[in-house]
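User: Hey, can you walk me through this structure? I'm new to this.
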There are 2 protein chains.
Amino acid sequence: MRIGQLARRSGVSVRALRYYEEQRLLESARTPGGQRDYPDEALERVQLIQDLFAAGLSSRTVVELLPCVSTGVATPAMLEQLIIERDRIAARIQDLNRAKKKLGHVIENVTAANVVQD
Amino acid sequence: MRIGQLARRSGVSVRALRYYEEQRLLESARTPGGQRDYPDEALERVQLIQDLFAAGLSSRTVVELLPCVSTGVATPAMLEQLIIERDRIAARIQDLNRAKKKLGHVIENVTAANVVQD
DNA sequence: CGTCACGTTGACGTCAGCTTCAGGTTAGCC
DNA sequence: GGCTAACCTGAAGCTGACGTCAACGTGACG
């Protein structure tokens, strides 16, 4: 699969995929002419990267953890890092829940009585 | 209260407070000499701003919503925006929960059997 | 009056995850 | 051989929420 097709399938831009490679998040074989050629598994890989990014991990952290996330084999250091990231995510969820609650209260109060006519 | 004290109390840097003013998120009175002078309510205000930033709102959005969040009075457009943001936060929480679950699984599998000795 | 922490503005730097641009190459089809 | 879409690399630009530096003004104390 070439880069354009992977981009369309994954919903990630072509340039972003090349950026992932620069960051060593994603490998590619090359055609004799030098064009990138991806195996089918690359699609899952890209989606995994997206998930981890979406969870707020940096590319540096992702590059460190990708091996064990996809293979299930980890060094003690990796395991520690995994736990740190999971806890960070959990804390972030707490924050977001607080903010959501706050906005929810505002919405309730506002809808109840105080909508200003324009 | 001057800017340094507000910074220490709120845990936000002096630079950040001036940035908030630039972005029209925070007002200040001025001493005859031109130094910023904040009322006590500024502390709550700063904390509110931090909460909204932490929830992923942009300063542009915060500046639009701050009036109604602090006063409880909103236009229909503000109300719509509030709901959009709350839903965005809720979606984000979903994402994070998925990522957390995924990392949790990896951690379990890894701790169970596959820790590699260094 | 000096002094020194604290304050002021303005401009530039930073970081991450890209996008955009420029200038050139490859692949596949007729 | 020629056309066009798709691809390549390298470099510059972008956004947002500040950090950092320079050069200078303020204010409380003794």
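Analyst: Sure, we can start with the DNA and then turn to a pair of helices; keep in mind that this is a predicted model.

User: Cool. Which residues come nearest to DNA strand C?
Analyst: There are 22 residues around that strand, and the nearest are A:Ser13, A:Arg15, B:Gly4, B:Arg18 and B:Arg36.

User: And how do those 22 divide into nonpolar, polar and charged?
Analyst: The surface near DNA strand C has six nonpolar, nine polar and seven charged residues.

User: Which helix gives the most to that surface?
Analyst: That's H2(A), with four residues. Helix H2 (14-22) of chain A, helix H1 (3-10) of chain B and helix H2 (14-22) of chain B each supply at least two.

User: What part of the DNA is within 4 Å of the protein, sugar or phosphate, or bases?
Analyst: Of the strand C atoms within 4 Å of the protein, 78% belong to sugar or phosphate, and the rest to bases. As for phosphate oxygens, one is 2.4 Å from a side-chain N or O atom of A:Ser13. For A:Thr31 that distance is 3.3 Å, and a polar side-chain atom of A:Ser59 lies 3.2 Å from a phosphate oxygen.

User: New topic: at what angle do H1(B) and H3(B) cross?
Analyst: Their axes come within 10 Å and cross at roughly 50°, so the two helices are oblique to each other. The crossing is right-handed.

User: Which residues meet there?
Analyst: B:Leu6, B:Arg9 and B:Ser10 from H1(B) meet B:Ala42, B:Leu43 and B:Val46 from H3(B). That makes four nonpolar residues, one polar and one charged.

Definitions and conventions: Residues numbered from 1 in each chain as written. Chains lettered and ligands numbered in written order. Predicted model: local features only at pLDDT ≥ 70, side-chain atom pairs only at ≥ 80, totals over all residues. Heavy atoms only, no water. Near = heavy atom within 4 Å. Polar contact = N/O pair within 3.5 Å; in protein donor to acceptor, adjacent residues only side chain to side chain. Nonpolar A, V, L, I, M, F, W, Y, C, P; charged D, E, K, R; others polar. Axes fitted to C-alpha atoms, helices over the stretch in contact; angles between N-to-C directions. Parallel < 35°, antiparallel > 145°, perpendicular 65-115°, else oblique. Left-handed = near helix turned anticlockwise from the far one by under 90°. Contact = heavy atoms within 4.5 Å.
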